[in-house]
Amino acid sequence: MNQNPEPKSKSTAKQLMVFFVCGTLNTIFMFAIYYSMLYLGTRYITAYIISYAASVVAAYYYNLKWVFNDAAIEKSERKAAFFKNAAAYFIVLIAGTLAMVLVVDVFKVSDRVAPILNMLITTPFTFVLTKYWAFRKKPETVHFS
């Protein structure tokens with residue numbers, strides 16, 4: 001009898017729901033850093049990049065533990081998942097930074113409102129990258145005897 005059953009994966013809909021909840025917590029964390037840095041006189045781009053980088057580390061933890069089920073990800077795959085997660089968020093950071101410059105400097109939206117608009121655009125893209133690339137499970141190998 002198998003005493004260590006295969007961990008159940010969450011449905012994509014449930015993962016997306018948990019991703020948004022964790023993302024909301026992570027966004028509060030990121031904005032706390034961002035707005036604190038603005039208050040201290042840091043330029044908005046610098047504050048955005050530093051707060052975003054801090055949130056990437058937090059996002060990895062949230063995604064591993066609660067969104068994509070850490071029990072389903074082999075320990076040997078976690079280092080690769082961390083770097084893929086960081087790369088996915090880096091891609092989103094580049095896109096988000098360009099969007100911030102466009103929204104703040106070209107469209108003259110407040111630098112206090114711009115990150116909120118940015119999150120609405122980048123969150124679905126981030127979910128797809130993390131689910132289907134960073135935390136994708138390796139297909140099981142079929143062995144023929």
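A residue is termed buried when its relative accessible area is under 20%. In this predicted model, Tyr89 has a relative accessible area of 9% and is therefore buried.

Tyr89 is located in helix α3. Leaving out residues up to four places away in sequence, the contacts of Tyr89 are Phe19, Tyr52, Val56, Ala59, Asn63, Thr126 and Thr130. The position of Tyr89 can also be described relative to Phe125: the two residues are separated by 36 residues in sequence, while their C-alpha atoms lie 9.8 Å apart in space.

Two of the residues touched by Tyr89, Thr126 and Thr130, are among the buried residues of α4. The buried set of this helix also includes Ala114, Pro115, Asn118, Met119, Thr122, Phe127, Leu129, Lys131 and Ala134. These buried residues pack against α1, α2 and α3. Helix α4 is bent by about 40 degrees at Thr122, and within four residues a proline follows, namely Pro124.

The largest nonpolar core comprises 36 residues, and those with the most contacts inside it are Tyr34, Tyr44, Tyr48, Tyr52 and Phe135. Two or more residues are given to this core by each of α1, α2, α3 and α4. The greatest contribution is that of α2, which supplies 12 residues. Of the residues named above, Tyr52 is also a contact of Tyr89. For Tyr44, the contacts beyond its neighbours within four places in sequence are Tyr34, Leu38, Met100, Val101, Val104, Asp105 and Asp111. The contacts of Tyr44 thus include Tyr34, itself one of the core residues with the most contacts.

Empty space within the model was examined as well. When a probe the size of a water molecule is rolled over the atoms, the places where empty space is left become apparent. The largest pocket holds about 380 Å³ of space. Its lining draws two or more residues from each of α1 (12-39), α2 (44-67), α3 (75-106) and α4 (114-134). In total, 21 residues line the largest pocket, and Gly23, Thr24, Thr27, Met119 and Thr123 lie nearest its centre. Among these, Met119 also belongs to the buried residues of α4. The largest share of the lining comes from α1, with eight residues. Classified by type, the lining of the largest pocket consists of 12 nonpolar and nine polar residues, and no charged residues are present.

Technical notes: Residues are numbered from 1 along each chain as its sequence is written. This is a predicted model: local features need pLDDT of at least 70, side-chain atom pairs count only at pLDDT 80 or more; totals for chains, interfaces and linings use all residues. Side-chain values use heavy atoms; hydrogens and water are left out. On a 1 Å grid over the protein atoms alone, a cavity is a set of points where a 1.4 Å probe fits but cannot get out, and a pocket is an open set with protein on both sides within 12 Å along at least five of seven lines; lining residues have an atom within 4 Å of a point. Grid points are joined across faces, edges and corners, and a volume is the space filled by probe spheres set on the points. Ala, Val, Leu, Ile, Met, Phe, Trp, Tyr, Cys and Pro count as nonpolar, Asp, Glu, Lys and Arg as charged, and the others, Gly among them, as polar. The bend at a residue is the angle between axes fitted to the seven residues ending there and the seven starting there. Buried means under 20% relative accessible area, exposed over 50%, partly exposed in between (1.4 Å probe, protein chains only). Contact means heavy atoms within 4.5 Å. A nonpolar core is a set of buried Ala, Val, Leu, Ile, Met, Phe, Trp, Tyr and Cys residues joined through side-chain atoms within 4.5 Å.
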